[in-house]
Amino acid sequence: MLELTEKAAEALIGSQVTLALTGAGISVESGIPDFRSAEGLWSRYDPAEYATIGAFRADPEKVWKMLVEMDGIVGQAKPNKAHLALGQLESM
């Protein structure tokens with residue numbers, strides 16, 4: 001495990017550009033729901049009804065209602081340890 005960690009550190013140090021790909025779950029600790037878990041966003045909002053351009057065109061008011069709710073949740077969220085660690089890596 002240590003060898004893999006060292007290789008990963010060397011790759012980060014030697015890179016010109018580094019990108020961290022995460023899933024929605026990284027923000028759950030901050031109070032932002034993920035999409036697919038039992039408590040996730042799609043348990044309350046069917047993605048076929050809310051997450052397509054067709055759904056938006058058919059009923060923009062319905063989609064905006066969900067988006068406004070999500071904006072309220074995201075607006076209150078604070079960075080968690082994972083976000084802060086990514087920020088520290090970026091600073092390095």
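**Exercise 1. Place Asp59 in this predicted model, and decide whether Asp59 is buried, partly exposed or exposed.**

Solution.
- Step 1. Asp59 sits in the loop between α4 and α5. The model is predicted.
- Step 2. The relative accessible area of Asp59 is 34%.
- Step 3. Buried means under 20%, and exposed means over 50%. Asp59 is therefore partly exposed.
- Step 4. Now take Glu49 as a reference point. Asp59 and Glu49 are 10 residues apart in sequence. Their C-alpha atoms are 9.1 Å apart in space.

**Exercise 2. Do the placement for Glu69, then list its contacts beyond four places in sequence.**

Solution.
- Step 1. Glu69 belongs to helix α5, which covers residues 60–76.
- Step 2. Its relative accessible area is 27%, so Glu69 counts as partly exposed.
- Step 3. Set aside the neighbours within four places in sequence. Glu69 is then in contact with Arg44 and Tyr45. Contact here means heavy atoms within 4.5 Å.
- Step 4. Compare with Ser30. Glu69 and Ser30 are 39 residues apart in sequence. From C-alpha to C-alpha they are 16 Å apart.

**Exercise 3. Describe the fold of the chain, and say why the chain is called more spread out than a compact globule.**

Solution.
- Step 1. Count the elements. The chain has 6 helices and 0 strands. From the N terminus the order is α-α-α-α-α-α.
- Step 2. Apply the globule rule. For 92 residues the rule gives 12 Å, but the radius of gyration is 18 Å, well over that value, so the chain is more spread out than a compact globule.
- Step 3. Check the box. Along the principal axes, the C-alpha atoms fill roughly 50 × 25 × 25 Å.
- Step 4. Look at burial. Buried residues are 14% of the 92 in the chain.
- Step 5. Look at sequence range. Take contacts between residues at least 6 apart in sequence; 50% of these join residues at least 24 apart.

**Exercise 4. Describe the surface and charges of the chain.**

Solution.
- Step 1. The exposed area is about 7400 Å². Carbon and sulfur atoms supply 60% of that area.
- Step 2. There are 8 positive and 13 negative side chains. The centres of the two sets lie 4 Å apart.

**Exercise 5. Which elements have the lowest and the highest mean pLDDT?**

Solution.
- Step 1. Start with the whole chain. Its mean pLDDT is 90, and 100% of its residues reach 70 or more.
- Step 2. Go to the elements. Helix α2 (residues 41–44) has the lowest mean, 86. Helix α4 (residues 53–58) has the highest, 96.

Definitions and conventions:
Residues are numbered from 1 along each chain as its sequence is written. This is a predicted model: local features need pLDDT of at least 70, side-chain atom pairs count only at pLDDT 80 or more; totals for chains, interfaces and linings use all residues. Side-chain values use heavy atoms; hydrogens and water are left out. Helices (H or I, at least four residues) and strands (E, at least two) are DSSP runs, numbered from the N terminus. The radius of gyration is taken over C-alpha atoms; the globule rule is 2.2 Å times the number of residues to the power 0.38. Buried means under 20% relative accessible area, exposed over 50%, partly exposed in between (1.4 Å probe, protein chains only). Accessible areas come from the Shrake-Rupley method with a 1.4 Å probe; for residues, only the protein chains shown count as cover. Lys and Arg count as positive and Asp and Glu as negative; His and the chain ends are not counted. The place of a charge is taken as NZ of Lys, CZ of Arg, CG of Asp or CD of Glu. pLDDT is the predictor's confidence in each residue, from 0 to 100.
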